[in-house]
Each structure stands twice: as structure tokens, then as C-alpha cells.
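The following exercises concern contacts, packing and symmetry. Each task is followed by a solution in steps.

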Amino acid sequence: MDTQHNADELFGKTGLTLPPAPVPLGLYKPALTVEGKYLYLSGHLPVQEDKSLIKGRVGLDLDMDAGKLAARQAGLTMLSTIKNHLGSLNKVKRVIKVFGMVNCTPDFAKHPYVINGCSELFATVWGTDNGVGTRSAIGVSSLPDNIPVEIEAIFELI
Amino acid sequence: MDTQHNADELFGKTGLTLPPAPVPLGLYKPALTVEGKYLYLSGHLPVQEDKSLIKGRVGLDLDMDAGKLAARQAGLTMLSTIKNHLGSLNKVKRVIKVFGMVNCTPDFAKHPYVINGCSELFATVWGTDNGVGTRSAIGVSSLPDNIPVEIEAIFELI
Amino acid sequence: MDTQHNADELFGKTGLTLPPAPVPLGLYKPALTVEGKYLYLSGHLPVQEDKSLIKGRVGLDLDMDAGKLAARQAGLTMLSTIKNHLGSLNKVKRVIKVFGMVNCTPDFAKHPYVINGCSELFATVWGTDNGVGTRSAIGVSSLPDNIPVEIEAIFELI
């Protein structure tokens, strides 16, 4: 069986819990399927199980390891949206692109380390080939509600 | 008739006026059709009817409502590019993705409210389903010519 | 012969040298081909021939011309990734989108001028029609390892 066909099972083995599927903060959809082939995800925030957001700026309120955990939490929120939208993580063939934005101080330089928190989760769920796509990681001066990371993505569907 | 088939008419009813189709600030095309199916729009600026740009930083020179109006103006500039490129707003089937960047102070946290200025316009023109796609809204530390918002988008064509 | 069919030759005539194909700074792939039709490139850094990175903030450590050279160097690094991934620059049909992020001071306003360093290179290699696509240029408050520019792109393949 290909890795992606048991993504739900592989996620189950992580022992992690999905937060509730997020409610949009503005006029947009969390996910959109295009031509039945591509899945676009809106910028996702680090939503926790109690629906509260992880907040703060990396390099000021959070160190880089806390930032990485926030990126994993944004990744978990993305998985929650995918399950809500498609019914199963198994419907994803592979990651095309991840765009990770870190709300951080101007002197911060470890954006790839932070966004790996999300990328490692995706690699666990969909495998080290299909779960790893292209990516950009950048630093931004502010994010909605002062969250530390916002991550959007494009996937190819089975 | 589907909503998107009378987008030109729905826009006419808003009473809003399109600015002139924008001239690129650098070496790029404002719009590109891919495979006859997708329309990519470059980052668009808030161009006014007299071709001048709305300028200033949100949270410093502009409050969040002025920022939202600037986002609507960037949206109007996008519509102008679409009409210039395709001849009619009716050629758009739906919004796939909007990426909205707000030039704002580091303490600003209402990016979704600002970018709604563009999203509400798109929802009026193409409807609350097809006119609403995925989106990210982020804060950036500077934008070309100190404009308050820059917005890019991908659309699916009919 | 169409312009894109001799992109390798046109690049050769520039007298410029490609840096080594870059190694990812995190868990991602530098390039990914989707459905055999599209090429996604991760955010690329200005890698030099000795593998070192151009560093510094535009408007503080680098002026806008040095920033533009850094954008050209990021573009060269993208070409190196394409050659490594596809074997030849001739496999690219055209540029769909370039997203250029400039690490700069908040008062900097000439982002399009900086990112033209990359766009002019692409126009030389693939021609002024196919080598020029849509684009956004923005200012960000920090980038990995304090590089001045990071650029990602999507191409259509032949």
C-alpha cells in the first residue's frame, strides 16, 4: 500500500489530537478543491483543542522551539480542515507547496527551523516523498491576532 | 442564470467605478491565462481613478477602515485588469485564491478585516460561493511606493 | 525556433555562471514537477559560486542596486535548480508567476526595482513574452540567515 493510502492510520500513530476545524476570520473558505485534482488551503493559524490560538511573536514572546510547536499546531489545524473537507487524509496524493509565514523580530533568522514543525508533521502523515513538497519560509512583521505563524498550502489529490 | 454569468451586470449595480487598468511597475504582466483555464493576477495596488495610488501604512497613516477601503480599491484595480485582459468579468468562473498583504505597524492585528474590503467586492460580483475562495492575509513591513495593501489572486475561468 | 527552445544557449551568451544547485535549509524540495505540466520552485536564496549566501538588509546593509544584484543571484540559483531538476532550461515553456520577497527597512519602497534583477534574467533566458509572467514584490521584516531576497516561482513546462 502506498504511504498516502494510510495517512489516517499514520496520523493516528502520532498520538497527536486534531483541533476543531477552524472557522474563517474573514470572507474566505478554509479549503477549496479545484477541478477535483488540487486542494488549496487558506492561511491557517495555530488553533488549539480548546479553539484558542497560540499567540505571540517569535524572538520576543516565543523562542524558536515554541515557534516550531506553533507551526506544528498550524499543521494540525490544516489536517483538521482537510479531514473536514475531504473526509480523510488519505485523499491527498502529495504536498505541492507550503508557504510559511513567521511573525518574528527583525533579527530572527531561523524561519526554516520553525516551519519544519509543520513539514515534519506532513512527512509523517504522507511520507518523506509525497509528504514533502516545495516551500518558502519568511518573516513577517505582523499576523492576524498576533499569532506566531500562518501557513497555507497546495496539495495534489488522488 | 448562474451568478458568474452576470458579473458585469452585478458590478454595474454597485455604482462603483473601475480605475484605469494598471501599468506594471516592473518587468511583469498584470495578468496571465494558463492553459485557458486559470487566470493569475500579479500583486495589485490600490490605483484610483486619476491613476494615483492610495498611500500610507495601516495603523500609522490609515486606520483599519481606511485600510479596508484601500483593499477594495486594489480589488477594483484587479477587476479593471480582468476586464482589460478578458473583456468581461463574466469569463471568471470562481475565485481560487486571494493573497492579501497589509503594510502595517507591527502591533496591527486586524488583517482579515482589511482584506475583506477586496473579498466583499468579489463576493458581490461573482456571488457568495464562486466569489469566495481560499485566502491568506498577512502583515508586511513595507510595500512598493508605501501603498497600504497589495493583493494577488488566482481565478478559475469558464 | 521558439525562444524557449534555446534557453540554454541564450543563458550561455550572458557570460554569467550558475551557482551549485542549492541544498534545502529545511524539510522541503527545491523543485517539484506537477502532472508533468507545471514546475514549482521553493523560495530560493542568493547562493554564490562558493556556496556562500549574499547577506544583509536592503536599505541598511545593501543599497537598491546591491539588492537587485542579489535578486539576480537568487534567479541564477533558481536556474541552477531547474537545470539540476530537468536537465535543461529549454524544458520551461514560460514563467507563470514570480513571488519576490525583499528583506528591507520599513521605509524602503523600490521592491519592483530590486526584483527586476531576477525578472530581467528570466526575460533574457526565455524571452520577453514567455520569460515574463505575473509577479508580486513585497517587503518583509526578516528572511532566513538574513539574506536580502528570497524568490519563489511557478513555470509551465513544454
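**Exercise 1.** Which residues does Ile151(A) touch, not counting residues up to four places away in sequence?

*Solution.* The model is predicted: local features need pLDDT of at least 70, side-chain atom pairs count only at pLDDT 80 or more, and totals for chains, interfaces and linings use all residues. Residues are numbered from 1 along each chain as its sequence is written, while chains are lettered from A and ligands numbered from 1 in the order in which they are written.

Step 1. Two residues are in contact if their C-beta atoms, placed from the backbone, lie within 7 Å.

Step 2. With residues up to four places away in sequence left out, Ile151(A) touches Gly43(A), His44(A), Ala71(A), Ala74(A), Gly75(A), Met78(A), Val98(A), Phe99(A), Gly100(A) and Cys118(A).

Step 3. Ile151(A) is also among the residues with the most contacts inside the largest nonpolar core, which has 150 residues. Such a core is a set of buried Ala, Val, Leu, Ile, Met, Phe, Trp, Tyr and Cys residues joined through C-beta atoms within 7 Å; buried means that 20 or more other C-beta atoms lie within 10 Å of a residue's own.

**Exercise 2.** Describe how helices α2(A) and α3(A) pack.

*Solution.* Step 1. Helix α2 (residues 64–86) and helix α3 (residues 111–126) of chain A pack at an angle of about 35°, with their axes 7 Å apart.

Step 2. By class, their contact has 11 nonpolar, four polar and two charged residues. Here Ala, Val, Leu, Ile, Met, Phe, Trp, Tyr, Cys and Pro count as nonpolar, Asp, Glu, Lys and Arg as charged, and the others, Gly among them, as polar.

**Exercise 3.** Identify what chain B offers to each neighbouring chain.

*Solution.* Step 1. Towards chain A, 25 residues of chain B meet 22 residues of chain A. On this side of chain B, α3(B) gives the most, with eight residues.

Step 2. Towards chain C, 22 residues of chain B are in contact with 25 residues of chain C. On this side of chain B, β2(B) gives the most, with four residues, and the classes are 12 nonpolar, six polar and four charged.

**Exercise 4.** Determine how chain B and chain C are related.

*Solution.* Step 1. A turn of 120° and a shift of 0.0 Å along the axis lay chain B on chain C with an RMSD of 0.0 Å, superposed by least squares on the C-alpha atoms of residues with pLDDT of at least 70 in both.

Step 2. The two copies are therefore related as by a three-fold rotation axis.

Step 3. Only 9% of the interface residues of chain B are also interface residues in chain C, so the copies meet through different surfaces.

Notes
Helix = DSSP H or I, 4+ residues; strand = E, 2+ residues; numbered from the N terminus. Buried ≥ 20, exposed ≤ 12 C-beta atoms within 10 Å, placed from the backbone. Axes fitted to C-alpha atoms, helices over the stretch in contact; angles between N-to-C directions.
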